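Q: Please take a close look at the interior of this model. I would like one connected account that also takes in the cysteines and the charged pairs.

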Amino acid sequence: MAPMSFLRRRNAASPAGPDFDVLAMDPGDWPGVLGAGLLPAPDGSCQGVVLRYDLFGGRGPAMVIGNLPEGSPARERADDEAPFEVHQLMSALEMNEEVTCTGTEEVPVMHDGNLLIVRRVLCSEGRVACVQFDRSDGVLVTIASWERPITDELYQLLKPLPAEMFQR
């Protein structure tokens, strides 16, 4: 498995990105139906926020965006296991096929004039596109989409959710 990609502070020594927290799309910027769910821990802390965007008029989601803090059990997976959000997307689409991770690659993306390094997760189901990146506060963001590529334009729609959502 490739190492995790991180947002890095820009400095003169090497190209990098800033400390900024990119997480979700503002519902006003996105057509369709938005659903959101929290993953609670037994102690009441938030172990993740999962957003679901239904662009297919009630026929299932086009995209699931997961936001999982450090220590969230949903982040734990075997090397060839697809991310939690991919499983959530397949379940919401009522598709029972087993989807695995077949590889990863790091891709630089420009976001608001800064370089964001994302990890593209390659899946055995070709209709699933999946990318991941880390926020500066350790929250892992995963975007899984169905039959829609994740393009650079998508990142321009991403907005921050407050880090306080993930604190006890």
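A: Of the 168 residues in the protein chain, 46% count as buried. The model is predicted, and its confidence should be read alongside the interior. Mean pLDDT for the protein chain is 75, with 70% of residues at 70 or more. The stretch over residues 1-23 has pLDDT below 50, although in the model it makes 68 contacts beyond near neighbours in sequence. By element, mean confidence is lowest in strand 1 (residues 24-25), at 53, and highest in strand 7 (residues 128-134), at 92.

The framework around the interior consists of two helices and nine strands. Read from the N terminus, the order is β-β-β-β-α-β-β-β-β-α-β. Contacts reach across this order: of those between residues at least 6 apart in sequence, 53% join residues at least 24 apart. On the outside, the protein chain exposes about 8600 Å², and carbon and sulfur atoms supply 51% of that area.

The largest nonpolar core has 19 residues. Ile65, Val118, Phe133, Ile143, Ile150 and Tyr155 have the most contacts inside it. Two or more residues each come from strand 3, strand 4 (63-68), strand 5 (101-111), strand 6 (114-123), strand 7, strand 8 (140-146) and helix 2 (152-156). Strand 3 gives the most, with four residues. A second core, separate from this one, has 15 residues, including Val64, Leu93, Val121 and Cys130.

Strand 3 spans residues 46-54, and cysteine 46 lies in it. Cysteine 46 is buried, with a relative accessible area of 11%. The C-alpha atom of cysteine 46 is 8.8 Å from that of leucine 68, and these two residues are 22 apart along the chain.

The cysteines raise a further point. How many disulfides does a search of the whole structure find? It finds zero. Cysteine 101 shows why: the closest cysteine sulfur to its own is that of cysteine 123, 6.3 Å away, which is too far for a bond; the cut-off for a disulfide is 2.5 Å between the sulfur atoms. Cysteine 130 is in no disulfide either, its nearest cysteine sulfur being that of cysteine 123, at 5.2 Å. Burial is a separate matter from pairing here. Cysteine 101 counts as buried at 10% relative accessibility, and cysteine 130 is also buried, with a relative accessible area of 2%.

Turning to charged side chains, three salt bridges are found in the whole structure. In one of them, arginine 75 pairs with aspartate 134, with the closest N and O atoms 3.9 Å apart. Arginine 75 sits in the loop between strand 4 and helix 1 (84-92), and aspartate 134 in strand 7, so the pair ties together parts 59 residues apart in sequence. Are the two partners buried or exposed in part? Arginine 75 is partly exposed, with a relative accessible area of 24%, while aspartate 134 counts as buried at 4%.

Another salt bridge joins glutamate 105 and arginine 120, whose closest N and O atoms are 3.2 Å apart. Glutamate 105 belongs to strand 5 and arginine 120 to strand 6, and the pair links distant parts of the chain, 15 residues apart. Both side chains reach some solvent-accessible area: glutamate 105 is partly exposed at 37% relative accessibility, and arginine 120 is partly exposed with a relative accessible area of 31%.

There is also a salt bridge between the side chains of glutamate 125 and arginine 127, at 2.9 Å from N to O. Glutamate 125 counts as buried at 14% relative accessibility, whereas arginine 127 is partly exposed, with a relative accessible area of 36%.

To draw the strands of this account together, strand 7 recurs in several places. Strand 7 has the highest mean confidence, at 92, gives two or more residues to the largest nonpolar core, and holds aspartate 134, the buried partner of arginine 75 in a salt bridge.

Note on methods. Residues are numbered from 1 along each chain as its sequence is written. This is a predicted model: local features need pLDDT of at least 70, side-chain atom pairs count only at pLDDT 80 or more; totals for chains, interfaces and linings use all residues. Side-chain values use heavy atoms; hydrogens and water are left out. Buried means under 20% relative accessible area, exposed over 50%, partly exposed in between (1.4 Å probe, protein chains only). Contact means heavy atoms within 4.5 Å. Accessible areas come from the Shrake-Rupley method with a 1.4 Å probe; for residues, only the protein chains shown count as cover. pLDDT is the predictor's confidence in each residue, from 0 to 100. A nonpolar core is a set of buried Ala, Val, Leu, Ile, Met, Phe, Trp, Tyr and Cys residues joined through side-chain atoms within 4.5 Å. A salt bridge is a side-chain nitrogen of Lys or Arg within 4 Å of a carboxyl oxygen of Asp or Glu.
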